[in-house]
Amino acid sequence: MRRKLVAGNWKMHGSLAENEALLSGLLAGMGNVKAGVAVCVPFPYLSQVQAKLNGSAIAWGAQNMSQQAKGAFTGEVSASMLKDFGCAYVIVGHSERRAIYGESDALVAEKFAAAQAAGLTPILCVGETLEEREGGITESVVARQMDAVINKCGVAALAKAVVAYEPVWAIGTGKTASPEQAQAVHAFIRAKVRAQDAGVAEGLIIQYGGSMKAANAVELLGQPDIDGGLIGGAALVAEDFLAICRAA
Ligand code: PGA
């Protein structure tokens with residue numbers, strides 16, 4: 001049985017004071033949560049989050065990192081720096097990074113490899129745009145994004161990773177994929193991995209992301225191949241995020 005994992009993606013939100021309140025709220029409400037829980041926060045707050053969550057049931061991570069290990073890369077943050085602050089996870093290939101910052105499949109695969117080399121668990125985001133969905137190429141887009149990583153790192157690398165299926169048209173829009181739509185793509189991803197390694201496929205956590213909230217979490221998380229969520233907007237309010245964690 002795969003243990004469900006709910007991860008918050010705070011994006012570029014928060015302040016020392018807001019984070020303090022949010023994290024206190026989360027810690028206070030973790031009592032009846034059985035799923036794995038993590039928060040992925042902006043770099044400057046990693047130290048705050050580490051101090052606050054150390055020894056708790058909530059893990060933490062970052063939302064991006066450099067593919068480089070160290071050197072003259074102004075403004076970049078390496079995987080080993082994230083390890084220094086106790087990160088367990090790092091999101092790679094979020095659609096906002098792909099679309100706004102031009103991250104290619106190849107770059108995302110390099111980041112994935114660098115994260116694992118440092119002992120971090122990458123949360124690999126994949127997903128199609130509305131245009132791609134309407135063009136009937138959802139599966140080929142997701143396959144291409146997955147293959148970039150599998151071809152570089154090998155399918156066995158997915159044993160120490162999480163995949164997040166995030167249809168771009170559902171992110172931050174309030175439009176959630178229906179449980180059937182999401183399940184179909186999750187099953188496709190798992191079948192694709194199974195074709196290369198059945199054991200890795202069975203153990204692989206595949207999160208759904210895109211306007212997941214308390215009201216739709218139970219139905220989404222009830223699908224056989226949906227193993228958790230990557231939560232944006234609803235991760236910024238303790239009660240909303242905890243409701244999803246409890247549903248999981
Ligand atoms: P959302 O974002 O929950 O606000 O749609 C999810 C994500 O982008 O990871």
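This short talk goes through the fold of one protein chain, its strands, and the surroundings of its ligand.

Please keep in mind throughout that this is a predicted model, and that every value I quote is computed from it.

Let me begin with the chain as a whole. It has eleven helices and eight strands. Its radius of gyration is 17 Å, close to the 18 Å that the globule rule gives for 248 residues, so the chain is as compact as a globular protein of that length. Taken along the principal axes, the C-alpha atoms fill a box of roughly 45 × 45 × 35 Å, and 52% of the 248 residues count as buried.

I turn now to the strands, starting with β2, β3 and β4. Strand β2, residues 36-40, runs parallel to β3, and four bridges join the two; one of the partnerships involving β3 is that of V37 with I58. Between these strands comes helix α2, residues 46-53, and β2, α2 and β3 together make a right-handed β-α-β unit. On to the next strand: β3 pairs in the parallel sense with β4, residues 89-92, over two bridges, and the bridge partner of A62 in β4 is V90. The chain crosses from β3 through α3 to β4, and this β-α-β crossover is right-handed as well. As for the surroundings of β3, four of its five residues are buried, so this strand is largely enclosed by the rest of the structure.

The loop between β3, residues 58-62, and α3, residues 79-84, holds a residue that I would like to single out, namely S66. Is S66 buried or exposed? With a relative accessibility of 3%, where the cut-off for buried is under 20%, S66 counts as buried. A polar atom of the S66 side chain lies 2.8 Å from the backbone nitrogen of Q68.

Next come strands β6, β7 and β8, with β1 alongside β8 as a pairing partner. Strand β6, residues 162-165, pairs with β7 in the parallel sense over four bridges, and A164 has Q207 of β7 as its bridge partner. In β7 itself, I205, Q207 and G209 point one way while I206 and Y208 point the other way, and all of these are buried. Five of the five residues of β7 are buried, so this strand is largely enclosed by the rest of the structure.

From β7, residues 205-209, we come to β8, with which it pairs in the parallel sense over two bridges; here G209 is matched with L230 of β8. The connection includes helix α10, residues 214-221, and β7, α10 and β8 form a right-handed β-α-β unit. Strand β8, residues 228-231, has G228 and L230 pointing one way and G229 and I231 the other way, and all are buried. Four bridges also join β8 to β1, residues 5-9, and these two strands run parallel, with I231 in β8 as the bridge partner of G8.

That brings me to the ligand. Which residues are closest to the ligand? Of the 13 residues that surround it, the closest are K11, H94, E166, G172 and S211. Taking the contacts in turn, an oxygen atom of the ligand lies 2.7 Å from an N or O atom in the side chain of K11. There is also a ligand oxygen 2.6 Å from a polar backbone atom of G172, and a ligand oxygen 2.9 Å from a polar backbone atom of G232. Taken alone, the ligand exposes 280 Å², and the protein buries 95% of that.

I would like to finish with two of those closest residues, K11 and S211. Where does K11 sit? Its place is in the loop between β1 and α1, residues 16-28, and at 19% relative accessibility K11 counts as buried, since the cut-off is under 20%. S211, for its part, lies in the loop between β7 and α10, and is buried with a relative accessible area of 17%.

The backbone of these two residues also deserves a remark. Most residues other than glycine have a negative phi. Phi of K11, however, is near 55°, a positive value in a residue other than glycine, and for S211 phi is likewise positive, near 55°.

Definitions and conventions:
Residues numbered from 1 in each chain as written. Predicted model: local features only at pLDDT ≥ 70, side-chain atom pairs only at ≥ 80, totals over all residues. Heavy atoms only, no water. Buried < 20%, exposed > 50% of the residue type's maximum accessible area, 1.4 Å probe, protein only. Pairing = 2+ DSSP bridges. Right-handed = clockwise from strand over helix to strand, strands pointing away. Near = heavy atom within 4 Å. Polar contact = N/O pair within 3.5 Å; in protein donor to acceptor, adjacent residues only side chain to side chain. Areas by Shrake-Rupley, 256 points an atom, 1.4 Å probe, with all protein chains shown as cover. Rg over C-alpha atoms; globule rule 2.2 N^0.38 Å.
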